[in-house]
Amino acid sequence: MKKLLLITDREEMLDAIKNDGGSSLQYADDTLKADREVVLEAVRKFGYALDDADDSLKADREVVLEAVKNHGSAFQFADDTLKSDREVVLEAVKNDCRALLYTNDSFRADREVVLEAVKNNGFGLQFANDSFWADREVVLEAVKNYGLALQWASKELKKDPELKKIAKDWRPIV
């Protein structure tokens, strides 16, 4: 079995990130994975690089915000202390509705957070507190950009003529 050679030189790592993207962080040695500047550059290019960062940087608010601005689902790699930070949660769901999966129940029951998630992608309605399935404004936003979101609406809203028409006329962007 071949042993993977890790990058130990800081400048070489920054060049790799610049030229090859943030996923290069996986090839950094532990010292570089704990280097704030290196990790910031990596997550700006590829939010999921947060997974390879040192745990101390997964608790760094600025690093996590940069990661979730790039890939909302990178939120899953954030330290638990930041998973209750409203600004971080809002940034994450604005970028990827699936970030709701990694929040606590209070954010899945927070109307502003849920609206941002379903505006990003109506698919996020399924991850929201089911009380929003009967909230016409939330369902409308979800159905506008993902017609199939009507399946998670309450029985009453599934019968709503406007919502049914929007869902019927919706076509995915290809």
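## Close-up views of charged residues

**View 1. Asp160 and its polar partners.** A polar contact of 2.9 Å joins the side chains of D160 and R136, as they are placed in this predicted model. D160 itself is found in the loop between α10 (155–158) and α11 (161–169), and from there its side chain also reaches the backbone nitrogen of E162 at 2.9 Å. With a relative accessibility of 15%, D160 counts as buried, because buried means under 20% relative accessible area. A residue that lies elsewhere in the structure is D85, which is 75 residues from D160 in sequence and 36 Å from D160 in space, C-alpha to C-alpha.

**View 2. The salt bridge between Arg136 and Glu162.** Both R136 and E162 appear in the previous view as partners of D160, and here their own side chains meet in a salt bridge of 2.4 Å, N to O. This pair links distant parts of the chain, since R136 belongs to helix α9 and E162 to helix α11, with their positions 26 residues apart in sequence. R136 counts as partly exposed at 31% relative accessibility, and E162 is likewise partly exposed, with a relative accessible area of 41%.

**View 3. Glu141 in helix α9.** E141 has its place in helix α9, which covers residues 136–145. What does the side chain of E141 touch through a polar contact? The partner is the side chain of K144, at 3.4 Å. If the neighbours within four places in sequence are left aside, E141 is in contact with L115, V118 and K119. The relative accessible area of E141 is 19%, so this residue falls under the 20% cut-off and is described as buried.

**View 4. The salt bridge between Arg10 and Asp35.** R10 forms a salt bridge with D35, and the closest N and O atoms of the two residues are 2.6 Å apart. Because R10 lies in helix α1 (residues 10–20) and D35 in the loop between α2 (30–33) and α3 (36–45), the pair ties together parts that are 25 residues apart in sequence. Is each partner buried or partly exposed? R10 counts as partly exposed at 28% relative accessibility, whereas D35 is buried, with a relative accessible area of 17%.

**View 5. The salt bridge between Lys83 and Asp80.** K83 forms a salt bridge with D80, in which the closest N and O atoms are 3.9 Å apart. The two partners differ in how they are covered, for K83 is buried, with a relative accessible area of 15%, while D80 is exposed, with a relative accessible area of 60%. Side chains of opposite charge can pair when their charged atoms come close.

**View 6. The whole protein as a setting for the close-ups.** The secondary structure of the protein comes to 11 helices and zero strands, and its C-alpha trace spans about 60 × 35 × 30 Å along the principal axes. Of the 174 residues, 48% count as buried, and the protein exposes about 9500 Å², of which carbon and sulfur atoms supply 48%. The structure holds 22 salt bridges, including those of R10 with D35 and of K83 with D80. The mean positions of the 27 positive and 35 negative charges are 9 Å apart. Among the contacts with a separation of 6 or more, 39% are accounted for by residues 24 or more positions apart.

Terms used
Residues are numbered from 1 along each chain as its sequence is written. This is a predicted model: local features need pLDDT of at least 70, side-chain atom pairs count only at pLDDT 80 or more; totals for chains, interfaces and linings use all residues. Side-chain values use heavy atoms; hydrogens and water are left out. Helices (H or I, at least four residues) and strands (E, at least two) are DSSP runs, numbered from the N terminus. Buried means under 20% relative accessible area, exposed over 50%, partly exposed in between (1.4 Å probe, protein chains only). A polar contact is a pair of N or O atoms within 3.5 Å; within protein, one must be able to donate a hydrogen and the other to accept it, and residues adjacent in sequence count only if both atoms are side-chain atoms. Contact means heavy atoms within 4.5 Å. A salt bridge is a side-chain nitrogen of Lys or Arg within 4 Å of a carboxyl oxygen of Asp or Glu. Accessible areas come from the Shrake-Rupley method with a 1.4 Å probe; for residues, only the protein chains shown count as cover. Lys and Arg count as positive and Asp and Glu as negative; His and the chain ends are not counted. The place of a charge is taken as NZ of Lys, CZ of Arg, CG of Asp or CD of Glu.
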